[in-house]
Structure formats: structure tokens, C-alpha cells
Amino acid sequence: METKLLRIAELAKSDPGMKVTSLAHLLNKESLAQCHFELPNKKATGINGTTKEQYSETLEENIVDLVSRLKSKSYHPVPVRRMYIPKLNSSKKRPLGIPEHEDKIVQKGITKILNAIYENDFLDCSFGFRPNRNCHDALKVLNHYIEKRSVNYVVDVDIKGFFDNVDHIWMMEFLKLRITDPNLLRIIGRFLKGGYMEEGKKYKTDKGTPQGGVISPILANLYLHYVLDLWFEKRVRKQCKGQAYIVRYADDFVCCFQYKSEAEEFFQSLKVRLQKFNLEVAEDKTKIIPFGRFAEKDAKQKGNRKPATFDFLGFTHYCGESKRGYFRVKRKTSRKKLQGKLRETKEWLKKNRNKDIHMIMDRFKRSLVGYYNYYCITDNTPSVNKFQDKIQYLLFKWLNRRSQRKSFTWDKFRLFLHRYPLPSPRVKVNIYDLRKKISYIL
């Protein structure tokens, strides 16, 4: 399958108008078995509760049956299991849809096919869930635009409930621009309309693509490629007299403009554009702010002490200065993300404080390493140090509650940390390290 996908990618790249007519046959026994092995272990299960390990017990028999149903067009995805996860600093919860393992296998195979076709179509402004791209790359490019280009205004946009409001009709129309294989389109359509189960009752879905599905990220990128990226590149930028840029990670994006009038005009036209595709701007979370080398001067003229800030990919971006007094964009962990992580840690400690101390400290080490890998970037060390201090305080507080004696003093706790040391933060990502893989974007 890999060789065939490479060939499809080459053809798609050489002819942007090409429509692929035969793809469903790539979902064969060998490719689906490979997709099964590539799926992660010990993940949440769908409504039937089938795990990867259970599916593996009779793998060949299961895959043969799956391929047979795909060929006979009798394959129907099982409705996803609806579950909810809490939103940061909010009483609201985010819905997730957990597919059955077999459906994950098929979604994985389709995702590979769609990536082969569309990866060369997607624009450089898109970073979410794409090969060899990540959040840090998006932050580096945004940093370069604001510091090195003529950017004076930032439009920070939030699309209201994007994953819940993707229009199925438009999605299928976008797919048909590149794919004319009715069998593959039928399977994707069935995934979109597969519905979900909640409290033993099945609900139909006439819009949206559930977060939690393997195929959802590529479908979200495809939808916003046509709705937003191409429109911004082909229409918005060409109509602007000044410079204009967009950086998007999934449904989270920031637009930069040289002139305020063009930023305001874009915002108004964006609302009309999204409405056409049954999407809506969350106006309470969307703002146009002066941001750049002249933002501090503008803020003082308006009687403000500091320029406005904006959040993107878990960081608060603010205007600062280099050691030589030149303008610089700086970042710190957003307050929302910091408090959310601390609240999550507190709840975990509260429930697990009486478990084996080796298990608790091992969990904290792994959690901190993951946190540092993401948040330890240029300029953010003070914020991460503050986070580490609060984590240590939570440990001191809840380990002291393992018994009524409260035997820990700070001196004893320091000795405890000397025996079970936590990793220390250090810069993992240099925001000015523009590697070859993203240098061509700039």
C-alpha cells in the first residue's frame, strides 16, 4: 500500500486538478492489518468494548471478514460512544466520540489515503495534524511574521463549536473535488452519519465530525483548507494593500495585518464566509488588537499601561524587548492552561495520595517531562519554574494528608525530594531555530 500511496501523492502533486477514480481497493487485507498494528494500545473502547488486544486474538479472521464487508458494501460503522471531558476553567464539558477498534482500523486506512492526496494541496499556513509539522513550528512562523514583517494588528479568531458544526454536504462536495471513487466516498459518508450512543440510546448525526475519531483531524483540515486557507490566500491577501498572514493549527488560527482597516474588513468578511458554510465566529472570544513594534506606543496614546495580548496554542503572546532594546514577541504559558493543569494535578493527588509513593513520583516525573517538552520554549522559563513550584507545594500538601500526623515539614520534604527528585525545567525549543523543514515558508 505504501508504494501505491507514494505514487498517488506524486500524481496529485503533479496535477492539482486530477481526480482519483479508484481508491477503495487499497483497503485490503495487508493494509488494514498494518493499520491495526499501528493503532496505539490501551486506548478507550467503543460501545462494544473491544480492545486492540481482544481484536488481535483472531486477527486474520476479523480482517478477512472486514475486507469482505467493505467489498460487498455491507460495512457500516458502529455508532461512536459519546463521552465528555471537562473544559479548562469551565463548568462545560467537551464531547468526544470513541469509535470501535474495527472502525478505527478503517479510519486509519482512509486517513492514509486522504493524506497522500491532500498533503500536497494543503497550504503552508496549516500546521495541525500534518506530517513533520507541530505546534512549535506554528509558533516559530507566527513569531517570524510579527517580528520580521510589517505586522501591526492581530485578529485572534475562535470558531464556535467547529467540530460539532461541520456541514456534511459541503464536506462531501469538497471531497469530490479530488475523489470520484463512489465506494470510498460512501464509507466516509457513513462515518459522518454514523451517529453516537449515549446512556443506551442512539442519536443520529446530520452535522459535525466527532472529536476522538482517527479520521477527524484530516477531515477538519480538508474542510478548513477550502473554507478558510484558500480563501485567505487567493482572495483576502490579494485584496490587501498591506501585508497579511495566517497561521492555523486545526480550528485555532491567528491572522496578522499591516493596516487596521484591512484587519477590520477581514473580520467582517470572515463572518459572512463562515456563515456560508454553516460555521460561526465566537465573537466573545474573537478580537482585533494592535500588536507589533508600534503597539506599545499606540497603547500609551490610548492611556493604557501595556499593549493587549492574545493566546494561541496554550501561550499568551505579549510585546516585549530584547536585551538591546529592540521589539520582540515574548510568550508565557496562558493562565487558563496553567490553572487547568494545576487543577487536574490536584484532583489526581486527592484521589491517589495513599497509593505507593514510587508510583506517585513516577507519574509526576513523566507528567512534568511531557509538560516541559511542550512549554519549555524561549522566554517561558519563569512561567514553567512557577508551575514547578506550585506542583511541589501540591505534593507537600497532599502527601502530608496521607496520615493525620502531618509528619512532613518543609525540611523533611526537601530531603524527600532529594531522594525522589523531580526533573528541572530547561529550554527545549528555541523559537528562533528555523529548521529547514519550515524555512521555505518564510
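A salt bridge is a side-chain nitrogen of Lys or Arg within 4 Å of a carboxyl oxygen of Asp or Glu. Keep that in mind while looking at this structure, which is a predicted model. Searching the whole of it turns up 17 salt bridges. The idea behind them is simple: side chains of opposite charge can pair when their charged atoms come close.

**Three of the pairs**

Here are some examples, with the gap between the closest N and O atoms.

| Positive residue | Negative residue | Closest N and O atoms |
|---|---|---|
| Arg69 | Asp65 | 3.0 Å |
| Arg178 | Asp121 | 2.8 Å |
| Arg414 | Asp411 | 3.2 Å |

Let's start with Arg69 and Asp65. Both sit in helix α4, which covers residues 59-71, and they are 4 residues apart, about one turn of the helix. Asp65 is partly exposed, because its relative accessible area is 40% and that class lies between the under 20% of buried and the over 50% of exposed. This pair also has company: Asp65, Arg69 and Glu102 are linked in a network of salt bridges.

Now jump to Arg414 and Asp411, in helix α16 (residues 410-419). They are 3 residues apart there, so about one helical turn separates them. Both count as exposed: Arg414 has a relative accessible area of 52%, and Asp411 comes in at 55%.

Asp121 and Arg178 tell another story. What does this pair link? It links distant parts of the chain, with the two positions 57 residues apart in numbering. Asp121 is in the loop between α5 (101-118) and α6 (135-148), while Arg178 is in the loop between α8 (168-176) and α9 (182-192). Are these two buried or exposed? Asp121 is buried at 16% relative accessibility, and Arg178 is buried too, at 2%.

**A positive patch**

Some charges gather on the surface instead. Lys87, Lys92, Arg94, Lys160, Lys285, Lys336 and Lys337 make up a patch of positive charge there. Take Arg94 from that group: you'll find it in strand β2, residues 93-98. Arg94 is partly exposed, with a relative accessible area of 32%, so it passes the over 30% that patch members need.

**What about the cysteines?**

How many disulfides are there? The count is 0. Cys240 is in none, since its nearest cysteine sulfur, on Cys255, is 9.9 Å away and a disulfide needs the sulfur atoms within 2.5 Å. Cys256 is in no disulfide either, and the sulfur of Cys255 is again its nearest, at 7.3 Å. Both residues are tucked away: Cys240 is buried at 13% relative accessibility, and Cys256 is buried at 0%.

Note on methods: Residues are numbered from 1 along each chain as its sequence is written. This is a predicted model: local features need pLDDT of at least 70, side-chain atom pairs count only at pLDDT 80 or more; totals for chains, interfaces and linings use all residues. Side-chain values use heavy atoms; hydrogens and water are left out. Patches are made of residues with over 30% relative accessible area and no salt bridge: like charges are joined within 9 Å, nonpolar side chains (Val, Leu, Ile, Met, Phe, Trp, Tyr) within 5 Å. Accessible areas come from the Shrake-Rupley method with a 1.4 Å probe; for residues, only the protein chains shown count as cover. Lys and Arg count as positive and Asp and Glu as negative; His and the chain ends are not counted. The place of a charge is taken as NZ of Lys, CZ of Arg, CG of Asp or CD of Glu. Buried means under 20% relative accessible area, exposed over 50%, partly exposed in between (1.4 Å probe, protein chains only).
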